[in-house]
Number of protein chains: 2
Amino acid sequence: MDLWFTEYHSNYARFSIKVDKPVISLESEFQRIDVFDSYEFGRVLVLDGCLMLTEKDEFIYHEMITHIPMAVNPEIQDVLVIGAGDGGVVRELTKYDSVKRIDMVEIDKLVVDICREYLPQTSCRLDDSRVNIYFEDGLKFVRRKNNEYDLIIVDSTDPFGPGEDLFTREFYGNCYKALKQWGIMVNQHESPYYPNDALSMQRAHKRIKSIFPVAEVYQAHIPTYPSGHWLFGFASKGFHPVADLKENWNSLGLKTRYYNTELHRGCFALPNYVKELLENA
Amino acid sequence: MDLWFTEYHSNYARFSIKVDKPVISLESEFQRIDVFDSYEFGRVLVLDGCLMLTEKDEFIYHEMITHIPMAVNPEIQDVLVIGAGDGGVVRELTKYDSVKRIDMVEIDKLVVDICREYLPQTSCRLDDSRVNIYFEDGLKFVRRKNNEYDLIIVDSTDPFGPGEDLFTREFYGNCYKALKQWGIMVNQHESPYYPNDALSMQRAHKRIKSIFPVAEVYQAHIPTYPSGHWLFGFASKGFHPVADLKENWNSLGLKTRYYNTELHRGCFALPNYVKELLENA
């Protein structure tokens with residue numbers, strides 16, 4: 001059977017992956033969830049038709065959304081993770097002995113259940129004793145929190161469907177309030193390349209910048225995401241992501257396949273066209 | 001008519017672009033040449049089924065292969081460009097008043113003729129008085145040259161078909177010989193992501209490193225190339241691409257949409273998995 005999964009990256013560009021075999025397809029209360037095995041990328045998770053992760057390159061996304069803030073403030077203890085039902089962010093966070101508490105808020109319990117069963121590569125540390133999982137709306141959860149976290153990681157889906165609320169000004173304002181004095185918020189920030197993604201990116205940046213005194217953007221090569229050029233936002237109440245990088249991160253001896261402290265500095269140097277999009281946001 | 005151009009990035013992954021209308025398709029002595037108009041990427045050039053450039057993002061490739069060496073040595077006067085029949089590299093080079101001579105060696109005259117007619121965006125400066133075009137084999141051309149160029153830019157196709165010779169140890173050795181005392185060679189260096197490309201990249205790096213005292217690799221986001229994660233090689237007889245970057249490049253006032261000197265420093269910071277591939281080359 002010649003089976004291909006196809007994702008439209010814009011109306012006029014699409015990316016296709018040859019499927020070895022479908023693993024499971026379900027409809028949750030919130031979205032359609034598909035898992036399949038592929039020849040090139042290993043197991044793949046798809047939500048509402050959008051590729052979320054592949055076993056081949058999920059390490060890039062998860063390392064870049066986690067180690068960038070952790071290397072800026074090694075004293076981070078209390079972390080809130082929003083979304084991230086696959087467990088990849090939690091896996092990276094649990095590498096730090098210094099982290100004392102990880103609250104993970106995922107709206108869709110079925111995503112977590114499926115990842116626990118079919119994606120052990122990412123879900124492997126969800127049972128760590130420091131992890132508390134809440135199955136509820138991230139926006140409502142964070143609304144109740146004040147001065148409680150050192151780091152919030154927003155690992156949302158795209159800004160439509162269940163992830164939509166996680167791109168609003170209200171949400172970012174609540175994150176600010178939920179963070180302690182030296183708090184950092186990192187979020188997946190879409191891509192600058194295709195017009196619709198770029199618009200989402202500009203909107204998110206404008207909103208974050210209106211709330212946080214420090215709001216920078218960094219990039220990574222994620223080949224299975226639209227255009228392969230993916231952005232993350234680094235917002236904080238004071239820490240600068242490059243000036244405050246602690247080189248002693250290297251003495252922790254953590255094993256990473258994408259992240260390193262040189263790349264940490266490098267990934268904040270953006271192409272002119274991306275800088276212009278952000279300045280005109 | 002629902003017409004799509006599809007390129008296989010590996011046996012198990014493919015990228016497709018919706019075609020507005022085909023422009024021209026020809027068979028030269030060396031390869032098949034196709035030009036079409038697309039909705040998302042403007043006009044597109046395809047050689048032997050491989051996407052070479054799109055009007056939307058060719059600036060990324062051409063700026064990164066040209067301005068990186070030019071910003072390291074602003075005294076570059078004599079430049080050899082191998083391949084590059086579309087004229088994009090020449091367009092970037094002619095922005096520098098300091099460049100006195102550009103020898104361009106393209107094996108396939110038909111590529112140049114077609115780009116002159118159908119891709120003015122890249123071919124627009126091929127008639128600059130400093131440009132000499134030679135329609136011959138790049139390997140044979142460079143074999144005859146000694147101590148003649150400050151910079152060689154190898155803008156080859158992939159290492160099979162007409163571009164194959166431009167990835168050999170003999171070719172790199174001849175480039176070394178053709179360069180003056182402070183010479184720099186930059187080449188398109190394939191991608192680290194899909195196994196076949198990664199193998200080509202490793203082979204090229206190993207060969208270049210065996211000949212040039214300085215051999216570094218840098219990266220760029222080129223969304224329409226396989227994986228979007230593209231590499232370039234910077235080899236030289238002495239200049240280091242980051243330590244010797246001249247910040248006064250900015251005083252030239254050149255307009256670029258991707259390149260800037262911060263990004264210049266940043267693009268040499270490679271992910272761990274790419275560094276490992278290069279170290280084990």
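Which strands and helices of chain A do the buried residues of H6(A) pack against? View 4 gives the list for H6(A).

This is a predicted model, in which local features need pLDDT of at least 70 and side-chain atom pairs count only at pLDDT 80 or more, while totals for chains, interfaces and linings use all residues. Residues are numbered from 1 along each chain as its sequence is written, chains are lettered from A and ligands numbered from 1 in the order in which they are written, and side-chain values use heavy atoms, with hydrogens and water left out.

**View 1. Strand S7 of chain B and the strands that pair with it.** Helices (H or I, at least four residues) and strands (E, at least two) are DSSP runs, numbered from the N terminus. Of the five residues of S7(B), residues 101-105, four are buried (under 20% relative accessible area; exposed is over 50%, partly exposed in between; 1.4 Å probe, protein chains only). Strands pair if DSSP finds at least two bridges between them. S6(B), residues 78-83, runs parallel to S7(B) and is joined to it by five bridges; here B:Leu80 stands opposite B:Asp103. Between S6(B) and S7(B) the chain passes through helix H2(B), residues 88-93, in a right-handed β-α-β crossover (with the strands pointing away from the viewer, the path from the first strand over the helix to the second runs clockwise). S8(B), residues 131-134, is also parallel to S7(B), with four bridges, and B:Ile133 in S8(B) is the bridge partner of B:Met104.

**View 2. The buried side of helix H3 of chain B.** Within H3(B), residues 109-118, the buried residues include B:Val111, B:Val112, B:Ile114, B:Cys115 and B:Tyr118. These residues are on the same side of H3(B), because they cover an arc of only 165° around the axis (the arc is that of the directions from the helix axis to the C-beta atoms). Among the elements of chain B that cover them are strands S2 (13-27), S3 (32-38), S4 (42-47) and S7, and helix H4 (120-123). Contact means heavy atoms within 4.5 Å.

**View 3. Annotated positions A:Glu106 and A:Asp137.** An unreviewed UniProt entry places the feature "binding site" at A:Gln31, A:Glu106, A:Asp137, A:Gly138 and A:Pro162; such annotations may be inferred rather than shown by experiment. A:Glu106 lies in the loop between S7(A) (101-105) and H3(A) (109-118) and is buried, with a relative accessible area of 7%. Beyond its neighbours within four places in sequence, A:Glu106 has contacts that include A:Gly83, A:Val111, A:Tyr134 and A:Phe135. Its side chain reaches the backbone nitrogen of A:Asp108 at 3.0 Å. A:Asp137, in the loop between S8(A) (131-134) and H5(A) (138-143), is buried at 18% relative accessible area. Not counting residues up to four places away in sequence, A:Asp137 touches A:Val105, A:Ile107 and A:Asp165.

**View 4. A:Leu139 and helix H6 of chain A.** A:Leu139 is in H5(A) and is buried, with a relative accessible area of 7%. The C-alpha atoms of A:Leu139 and A:Asp165 are separated by 6.6 Å, although the residues are 26 apart along the chain. Leaving aside neighbours within four places in sequence, A:Leu139 contacts residues including A:Asp165, A:Phe171 and A:Asn174. In H6(A), residues 169-178, the buried residues are A:Phe171, A:Tyr172, A:Asn174, A:Cys175 and A:Ala178. They fall within an arc of 160° seen down the axis, so they line one face of H6(A). The buried residues of H6(A) pack against strands S6 (78-83), S9 (149-155) and S10 (179-188), and against helices H5 and H7 (195-209), of chain A.

Key:
Polar contact = N/O pair within 3.5 Å; in protein donor to acceptor, adjacent residues only side chain to side chain.
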